[in-house]
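Me: I would like to understand how the words used for a protein model follow from the values behind them. Could we take some of those words in turn and set each against its cut-off?

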Amino acid sequence: MSVQVETMPYRHVLDVPAMGSAVRIARETTELVLVECGVGLRHPSVGPALLIVAELVTNAVRHAAVSSPMITVTYAHGPGAFAFAVHDRHPYQPALFGALGTAPGSGLAMVVEMTMELGGTAVVRADADGRGKAIWITLPL
């Protein structure tokens, strides 16, 4: 998939505290954003997108809350693609494709595998200061 997130015209940003309720809020917001973008909730990419965003927010709550009291979910939508990023201020940057070699059931491995199966992309983008990162997922629609 070669769609650049920067060229997608629609943007929505959600800031949530790094606590368990963030997962539900992010998932519900993702549904609302998809509907607002004209994507039906029965579209084949919607279920996986909801699972992926929930897993990424769960990981941020579990592993980054001490360094990052807030988590940001950014959504972008354009012709034929939906993208979202989960951002935290923890400096650790996971090797996404290295996650595929981990034990079955790893949340990050599942995220990468589902994204690839849908023909999407997964990228880690470090903050300019190196003290945080965003994991961007782009899925075809």
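Reply: We can begin with helix H2, and with the reminder that this is a predicted model. Of the 19 residues of H2, 15 are buried, so the helix is largely enclosed by the rest of the structure.

Me: What does H2 pack on, and which strands does it touch?

Reply: Helix H2, residues 46-64, packs on the sheet and touches strand E2 (70-78), E3 and E5. Touching here rests on contact, which means heavy atoms within 4.5 Å, and the direction of H2 makes about 10° with that of E3.

Me: How do you know what span to expect for H2, and how close does the helix come to that span?

Reply: The expected span is 1.5 Å times one less than the number of residues, and for H2, with its 19 residues, this gives 27 Å. From its first C-alpha to its last the helix reaches 26 Å, which is close to that expectation.

Me: Why is Ser45 called buried or exposed?

Reply: The word buried applies to residues under 20% relative accessible area, and Ser45 has 6% relative accessibility, so Ser45 counts as buried. This residue lies in the loop between helix H1 (21-36) and H2, and, leaving aside its neighbours within four places in sequence, Ser45 is in contact with Leu118, Leu139, Pro140 and Leu141.

Me: What makes the pair of Ser45 and Pro140 a polar contact?

Reply: A polar contact needs a pair of N or O atoms within 3.5 Å, of which one must be able to donate a hydrogen and the other to accept it. The backbone oxygen of Pro140 lies 3.0 Å from a polar atom of the side chain of Ser45, and this distance is within the cut-off.

Me: Why is Arg125 called partly exposed?

Reply: Partly exposed is the range between the cut-offs of 20% and 50%, and Arg125, at 32% relative accessibility, therefore counts as partly exposed. Arg125 lies in strand E4, and its C-alpha is 7.5 Å in space from that of Trp136, although these two are eleven residues apart in sequence.

Me: How do you know that strands E3 and E5 pair, and which way do they run?

Reply: Two strands pair if there are at least two bridges between them, and eight bridges join E3 (residues 81-88) to E5 (residues 133-140), with the two strands running antiparallel. His87 stands opposite Ala134 in E5.

Me: What makes E1 and E4 edge strands?

Reply: The five strands form an open sheet in the order E1-E2-E3-E5-E4, and strand E1 (10-17) and strand E4 (121-126) are its edge strands, each pairing on one side only.

Definitions and conventions. Residues numbered from 1 in each chain as written. Predicted model: local features only at pLDDT ≥ 70, side-chain atom pairs only at ≥ 80, totals over all residues. Heavy atoms only, no water. Helix = DSSP H or I, 4+ residues; strand = E, 2+ residues; numbered from the N terminus. Axes fitted to C-alpha atoms, helices over the stretch in contact; angles between N-to-C directions. Buried < 20%, exposed > 50% of the residue type's maximum accessible area, 1.4 Å probe, protein only.
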